[in-house]
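Here's an informal walk through one chain, going from single residues out to the overall fold. Have the structure open and follow along.

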Amino acid sequence: MTQAPRADTPTTDTAPPSCPRCRKPAALCVCADLAAAGKPIKNRIALLFLQHPQEQDVDLGTAHLTALHFEDATIRVGLSWPSLGKALGRTADPKRWAVLYLGSVKAKELAPGREIVALTRKGTAVADQAAALADIEGVIVLDGTWSQAKALWWRNAWMLKAQRVALNPRWPSRYGKLRREPRRDGLSTLEATALLLSRLENKPEIETRLIAGFDKLLARARALGKAAKGIGVQEAS
Ligand SMILES: [Zn+2]
């Protein structure tokens with residue numbers, strides 16, 4: 001049983017310990033679920049999550065949870081890196097990477113029926129979508145709120161060389177009312193990654209597994225209910 005903090009208990013310095021692996025408070029730790037789901041996914045397309053230092057990936061943030069699902073996933077916290085290779089820790093050509101673009105594009109209108117849209121620098125749909133996405137070696141995902149992701153975008157000029165992609169998700173985010181500030185495409189980092197990688201690698205099971213992991217986290221958060229407010233889970237009004 002989780003008890004709600006008493007009204008006279010100060011809550012500022014009493015944050016519960018976080019799990020060092022998934023970075024969730026103990027009550028939201030998803031590591032047992034992850035272990036039960038099996039070995040990490042062998043992803044052909046690498047993942048790089050760049051996380052703004054002010055993104056609070058403690059309660060319902062999903063970058064660490066997403067990365068833990070994959071063999072080849074890197075999380076870097078910071079504002080700028082001199083090159084993709086420096087951010088990644090190994091040699092990489094940004095022209096062979098995609099970046100999940102968060103600018104104001106209406107993916108639905110640009111390419112009706114497509115869940116992933118490759119964009120030109122002018123923000124229009126690339127004519128040959130299949131060719132633009134065929135040789136992608138990795139995907140960069142900016143983790144944080146819209147304004148944090150925008151700051152990361154502008155401070156890392158090498159990202160301009162990457163293939164921009166936008167998402168046109170068929171379903172709304174599973175966050176529902178739990179998320180305080182959604183990304184532009186309305187998805188969590190986990191959902192966006194699940195959509196991207198399952199389609200680019202043509203493996204629907206990637207999406208199934210990630211969403212199952214996310215559902216467990218959300219179920220825990222919802223079960224905690226009011227008590228969760230004491231550990232930073234905020235219900236949007
Ligand atoms: Zn954990």
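Let's start with I41, which, once neighbours within four places in sequence are left aside, is in contact with H69, F70, E71, I206 and R209. Contact here says that two C-beta atoms, placed from the backbone, lie within 7 Å. This is a predicted model, where local features need pLDDT of at least 70 and side-chain atom pairs count only at pLDDT 80 or more, while totals for chains, interfaces and linings use all residues. Residues are numbered from 1 along each chain as its sequence is written.

I41 sits in the loop between α1 (31–36) and β1 (46–51). Helices (H or I, at least four residues) and strands (E, at least two) are DSSP runs, numbered from the N terminus. The C-alpha atoms of I41 and D72 are separated by 8.5 Å, though the two are 31 residues apart along the chain.

Is I41 buried or exposed? I41 counts as partly exposed, because it has 19 C-beta neighbours inside 10 Å. The cut-offs: 20 or more other C-beta atoms within 10 Å of a residue's own make it buried, 12 or fewer make it exposed, and anything in between is partly exposed, with C-beta atoms placed from the backbone.

C31 belongs to helix α1. Leaving aside neighbours within four places in sequence, C31 is in contact with C19, R21 and C22. The C-alpha atoms of C31 and G213 are separated by 9.8 Å, with their positions 182 residues apart along the chain. C31 counts as partly exposed, with 14 C-beta neighbours inside 10 Å.

Now for two backbone oddities. Most residues other than glycine have a negative phi. R23 and N202 go the other way:

| Residue | Phi | Place | C-beta neighbours |
|---|---|---|---|
| R23 | near 65° | segment before α1 | 19 inside 10 Å, partly exposed |
| N202 | about 55° | loop between α7 and α8 | 9 within 10 Å, exposed |

On to the helices around that loop. The axes of α7 (residues 189–200) and α8 (residues 204–224) come within 7 Å and cross at roughly 165°. Axes are lines fitted to C-alpha atoms, for helices over the stretch in contact, and angles run from 0 to 180 degrees between N-to-C directions. The two helices, α7 and α8, are therefore roughly antiparallel to each other, a label for angles over 145 degrees. The contact is made by L190, E191, T193, A194, L195, L197 and S198 of α7 and by P204, I206, E207, L210, I211 and F214 of α8. By class, this contact of α7 with α8 has nine nonpolar, two polar and two charged residues. I206, part of that set on α8, is also one of the contacts of I41.

What about the interior? The largest nonpolar core has 52 residues, and W97, L100, V139, I140 and V165 have the most contacts inside it. Such a core is a set of buried Ala, Val, Leu, Ile, Met, Phe, Trp, Tyr and Cys residues joined through C-beta atoms within 7 Å. Its largest share, six residues, comes from α7. Beyond its neighbours within four places in sequence, I140 is in contact with L48, L50, W97, V99, L100, M159 and A162.

Finally, the overall picture. The protein has eight helices and six strands, running α-β-α-β-α-β-α-β-α-β-α-β-α-α from the N terminus on. Buried residues make up 35% of its 237 residues. Among contacts with a separation of 6 or more, 70% are between residues 24 or more positions apart.

Technical notes:
Parallel < 35°, antiparallel > 145°, perpendicular 65-115°, else oblique. Nonpolar A, V, L, I, M, F, W, Y, C, P; charged D, E, K, R; others polar.
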